Amino acid sequence: MADALQLARAASEAALATDGVIRLGTGSFAEAATYGPGEKVSGVIVMPEEVQVHVVLRYPLDKPIPEAANSIRENVSPKVEGRETTVVIEDLEVSEE
Amino acid sequence: MRIFNRIVVILLLAGLFVLGIFGIVYSFNLFGYQLSQLPQILNLQTIYSGAQEAVSDAENGTLTDLTFFILVGVALVGLILLVLELKPRTPRLVQMQKGTYVTRNAVKTQVLNATNQSSEALDSSAKVKARRGTGAKVKLKSNVRRGENEGDARSSIKNQVSDYLGQIGIPISRIKVKTSETDPRGKGEQRVN
């Protein structure tokens, strides 16, 4: 079984690989991150039953936000060992690309 | 409201702490203070007689109007604070569907994007509240040109916002739009509706 930090890294990579995700968010009320010895993964919170992924989407959107969130969930879910995936859209940003 | 209640509790605890310090100082006769002096210093005799008077007035049913209203006021404030404390907290994030949330700030930005696309709204400000279920409540204040039909402008802005948010998939349960007339050449607003 992978530890929380490994899961967070895998979830982070999967989320960032999803179309429309510019970057991971950092949390708006408290820092959204998973902490390990000497390291932290920002934008992903690994809990015993749930993994929360905070993302910033590219604007203009390629598809409506719920569809983008479903794509992120589809990519992240296989990496989090059966935990429920919650997607938090923190912001929409105009991409400079 | 929880912040208000927290301040009340902090003040109460601070008061208890100060009383505790006084209690220790007076109980152990420190710095020349003695417990026997305390009733005189705090003027407890007056407080006792006042309390005694109030209780006997209450027993005889002869409370003054002022005392009666103060007691009712205290009871009401206590009841209001209790209800506000028991009321479930408004969520911080707007739920879009099960397992998907969007921050209020992101919703606000999109609401303002939508109003910027409206020809009626010159500039706008928005407040977004998350509902306990799915969706958000939006309060929008927009400045419109002087002389424009404000009812039409309000409904046009409202439609613009709900269409735009519908397109990008943000569920909105209620949109309230307030308009005020303004001169686009720079004179301040005149009237709020």
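The following paragraphs describe the confidence, chain architecture, helix packing and interface of a predicted model of chains A and B.

For the complex, the predictor reports an ipTM of 0.91 together with a pTM of 0.70. Within chain B the mean pLDDT is 87, and 95% of the residues of this chain reach 70 or more. Confidence in chain B is lowest in helix H2 (residues 38-41) of chain B, where the mean is 78, and highest in strand E2 (residues 100-103) of chain B, where it is 95. As a matter of general caution, predicted coordinates should not be read in detail where pLDDT is low.

Chain A contains two helices and six strands, and their order along the sequence follows the pattern α-β-β-β-β-β-α-β. The radius of gyration of chain A is 13 Å, close to the 13 Å that the globule rule gives for 97 residues, so chain A is as compact as a globular protein of that length. Taken along the principal axes, the C-alpha atoms of chain A fill a box of roughly 40 × 25 × 25 Å.

The packing of the helices of chain A was examined next. Helix H1 (residues 4-16) of chain A packs against H2(A) at an angle of about 140°, the two axes lying 8 Å apart. Because an angle of about 140° falls outside the ranges that count as roughly parallel, perpendicular or antiparallel, the last of which begins over 145 degrees, H1(A) is described as oblique to H2(A). The crossing of these two helices, H1(A) and H2(A), is right-handed. On the side of H1(A), the contact is made by A:Ala11, A:Ala14 and A:Ala15, and these residues face A:Ile72, A:Asn75 and A:Val76 of H2(A) across the contact. Classified by residue type, the contact of H1(A) with H2(A) has five nonpolar residues and one polar residue, with no charged residues.

Chain B comprises six helices and five strands, and from the N terminus on its elements run α-α-α-α-β-β-α-β-β-α-β. Whereas a compact globule of 193 residues would have a radius of gyration near 16 Å, the value for chain B is 28 Å. The C-alpha trace of chain B spans about 80 × 40 × 35 Å along its principal axes.

A helix pair in chain B was considered in the same manner. Helix H5 (residues 104-116) of chain B and helix H6 (residues 150-168) of chain B have axes that come within 9 Å and cross at roughly 125°, and H5(B) and H6(B) are therefore oblique to each other. H5(B) passes H6(B) in a right-handed crossing. To this contact H5(B) brings B:Gln110, B:Val111, B:Ala114 and B:Thr115, while H6(B) brings B:Ile157, B:Gln160, B:Val161, B:Tyr164, B:Leu165 and B:Ile168. By class, the contact of H5(B) with H6(B) includes seven nonpolar and three polar residues, and no charged residues.

The contact between the two chains takes 17 residues from chain A and 17 residues from chain B. On the side of chain A that touches chain B, helix H2 (65-76) and strand E6 (84-94) of chain A each supply at least two residues, and E6(A) gives the most, with nine residues. In terms of class, this side of chain A has 10 nonpolar, three polar and four charged residues. H2(A) thus appears in two settings, since H2(A) supplies residues to the side that touches chain B and also packs against H1(A).

Key. Residues are numbered from 1 along each chain as its sequence is written. Chains are lettered from A and ligands numbered from 1 in the order in which they are written. This is a predicted model: local features need pLDDT of at least 70, side-chain atom pairs count only at pLDDT 80 or more; totals for chains, interfaces and linings use all residues. Axes are lines fitted to C-alpha atoms, for helices over the stretch in contact, and angles run from 0 to 180 degrees between N-to-C directions. Helices (H or I, at least four residues) and strands (E, at least two) are DSSP runs, numbered from the N terminus. Angles under 35 degrees count as roughly parallel, over 145 as roughly antiparallel, 65 to 115 as roughly perpendicular and the rest as oblique. A crossing is left-handed if the near helix is turned anticlockwise from the far one by less than a right angle, and right-handed if clockwise. Two residues are in contact if their C-beta atoms, placed from the backbone, lie within 7 Å. Ala, Val, Leu, Ile, Met, Phe, Trp, Tyr, Cys and Pro count as nonpolar, Asp, Glu, Lys and Arg as charged, and the others, Gly among them, as polar. pLDDT is the predictor's confidence in each residue, from 0 to 100. The radius of gyration is taken over C-alpha atoms; the globule rule is 2.2 Å times the number of residues to the power 0.38.
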